[in-house]
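Here's a quick walk through one protein model, written for someone who'd rather be at the bench. Have a look at the structure first, then read on.

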Amino acid sequence: MRVLGIETSCDETGIALYDSERGLLADTLYSQIGLHQPYGGVVPELASRDHIRKTLPLVREVLTQAGVERVDGVAYTAGPGLIGALMVGACLGRSLAYAWNVPAVAVHHMEAHLLAPMLEENPPAVPFVALLVSGGHTQLVRVDGIGCYTLLGESIDDAAGEAFDKCAKMLGLPYPGGPEVARLAEAGRETIAFPRPMLNRAGLDFSFSGLKTAVLTAIRERSQQAPLSDQDAADVAASFQAAVVETLVTKCRRALAQTGLKRLVMAGGVSANRRLRAELEATLAADGATVYYARPALCTDNGAMIAYAGCQRLLAGEQEPLPITVRARWPLESLPAAEPLTSVTLHG
Ligand code: KG4
Ligand code: ZN
């Protein structure tokens with residue numbers, strides 16, 4: 001089955017074509033980062049308008065790249081995300097499916113993130129624990145199959161990616177801040193003992209807003225007499241990153257111990273972080289557990305994960321009716337299990 005995937009939930013227009021027999025046939029991405037950078041964050045109305053401009057040309061490009069004229073289904077992100085941006089992809093996806101007379105399927109953005117590592121070689125088998133770390137979510141989820149999700153813990157305030165973005169802003173770095181903070185941290189020393197939020201409390205929830213305040217205080221203390229030096233900025237970045245990574249790694253270990261599972265899948269934009277990957281791999285290897293993640297381009301928002309997730313749902317017989325529904329908020333645990341589970345291949 002060949003499925004066109006359309007991702008427009010935030011500031012990336014991602015269009016891709018996935019074939020259940022042959023894998024990923026084409027994958028394109030247009031980033032709006034340059035458009036939003038002057039504002040220090042995503043401006044929803046500008047995002048919607050830019051998606052309108054880019055979606056259809058990218059659909060044409062993907063079909064040309066793959067040398068394909070017909071698809072068997074269309075998958076589009078229906079939430080969670082910016083409502084106007086979601087509407088653009090959903091309207092286009094539903095209309096294309098109607099015009100081509102093929103089924104359409106509404107994809108949950110975070111389900112797509114968590115399935116993205118299935119597009120890589122040696123994909124994980126279920127059950128596993130998933131760490132979802134993006135700009136809007138930080139969650140630990142037990143995964144027993146597609147749509148069989150049990151929330152183990154989540155952030156009670158800021159998401160990990162949001163904390164990276166806010167730390168970057170305080171350091172005067174451009175949006176999106178995660179990759180910028182990670183880059184600056186390479187030149188830094190972990191000299192500042194930032195708090196490891198909620199580590200000493202039982203349970204699997206996270207909190208990153210206190211860390212943000214600690215970063216602000218550290219920057220103020222170091223820039224009282226003179227502007228923050230490059231070394232001080234790098235030290236703040238390195239110490240901040242170390243605090244986030246230690247918090248995430250410790251909670252992952254705890255989640256594996258609690259569930260008795262030995263496989264951890266990490267997904268979402270922050271899973272592109274090299275330090276997080278290295279620490280998680282080293283720590284979990286010592287526990288006899290394995291970490292799975294996708295290549296960096298499939299960690300951040302992309303159309304390939306939408307095409308893949310949509311394909312699994314279509315293979316299980318799901319499809320959307322004509323009325324278009326998108327959701328700014330949409331709990332992952334509310335998704336239906338993909339029935340019958342046995343007909344669903346978890347990788348290409
Ligand atoms: O999954 P994603 O592309 O979009 C959402 O669904 O939110 O995640 C974006 C988030 C942003 O907060 C960005 O700063 C963060 O992922 N991010 C990173 C890295 N690359 C992206 N955070 C830390 N290190 C990175 N290398
Ligand atoms: Zn995302």
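## Two helices side by side

How are helix 5 and helix 8 oriented relative to each other? Keep in mind that this is a predicted model. Helix 5 covers residues 160–170, and its axis sits 11 Å from that of helix 8, at an angle of about 170°. Anything over 145 degrees counts as roughly antiparallel, so helix 5 and helix 8 are roughly antiparallel to each other.

Who's touching whom? On the helix 5 side you'll find Ala160, Ala163, Phe164 and Cys167, and they meet Phe240, Gln241 and Val244 of helix 8. Sorted by type, the contact of helix 5 with helix 8 has six nonpolar residues, one polar and no charged.

## The five-stranded sheet

Helix 8 (residues 230–259) has other company too: it lies across strand 6 (128–133), strand 7 (138–145), strand 8 and strand 9. Relative to strand 6, helix 8 runs at about 155°.

Those strands belong to an open sheet of five, with the order 8-7-6-9-10 and mixed pairing. At the edges stand strand 8 (148–154) and strand 10 (290–292); each has a single partner strand, so one side of each is left without a neighbour in the sheet. From one strand to the next, the twist averages 25°.

At one end of that order, strand 9 (residues 263–267) and strand 10 run parallel, joined by three bridges. If you want a spot to click on, take leucine 264, whose bridge partner in strand 10 is valine 291.

## Strands 1 to 4

Now for the start of the chain. Strand 1 (residues 2–7) has five of its six residues buried, so it is largely enclosed by the rest of the structure. Strand 1 pairs with strand 2 (residues 12–19) in the antiparallel sense through six bridges, and the two form a hairpin with four residues between them. Strand 1 also pairs with strand 4 (residues 73–79), this time parallel, over four bridges. To trace these pairings residue by residue, valine 3 has tyrosine 18 of strand 2 as its bridge partner, while isoleucine 6 is matched with tyrosine 76 in strand 4.

A second hairpin follows, made by strand 2 and strand 3 with three residues between them. Strand 3 spans residues 23–31 and runs antiparallel to strand 2, with eight bridges joining them. Tyrosine 18 turns up again here, as its bridge partner in strand 3 is leucine 24.

## The zinc site

Which protein residues hold the zinc ion (ligand 2)? The donors are His109 (NE2), His113 (NE2) and Asp301 (OD), at 2.0 to 2.1 Å from the metal. Their spacing along the sequence reads H-x3-H-x187-D.

Histidine 113 lies in helix 4 (residues 109–115), whereas aspartate 301 is in the loop between helix 10 (296–299) and helix 11 (303–315), so the pair ties together parts that are 188 residues apart in sequence. Histidine 113 and aspartate 301 are both buried.

## A residue on the outside

Is arginine 53 buried or exposed? Arginine 53 belongs to helix 2 (residues 44–66). Its relative accessible area is 52%; the cut-off for exposed is over 50%, so arginine 53 counts as exposed. Arginine 53 and valine 88 are 35 residues apart in sequence, with 9.9 Å between their C-alpha atoms.

Conventions. Residues are numbered from 1 along each chain as its sequence is written. Chains are lettered from A and ligands numbered from 1 in the order in which they are written. This is a predicted model: local features need pLDDT of at least 70, side-chain atom pairs count only at pLDDT 80 or more; totals for chains, interfaces and linings use all residues. Side-chain values use heavy atoms; hydrogens and water are left out. Two strands pair if DSSP finds at least two bridges between them. Axes are lines fitted to C-alpha atoms, for helices over the stretch in contact, and angles run from 0 to 180 degrees between N-to-C directions. Contact means heavy atoms within 4.5 Å. Angles under 35 degrees count as roughly parallel, over 145 as roughly antiparallel, 65 to 115 as roughly perpendicular and the rest as oblique. Ala, Val, Leu, Ile, Met, Phe, Trp, Tyr, Cys and Pro count as nonpolar, Asp, Glu, Lys and Arg as charged, and the others, Gly among them, as polar. Donors are N, O and S atoms within 2.8 Å of the metal (3.2 Å for Na, K and Ca); water is not among the atoms, so sites may look incomplete. Buried means under 20% relative accessible area, exposed over 50%, partly exposed in between (1.4 Å probe, protein chains only).
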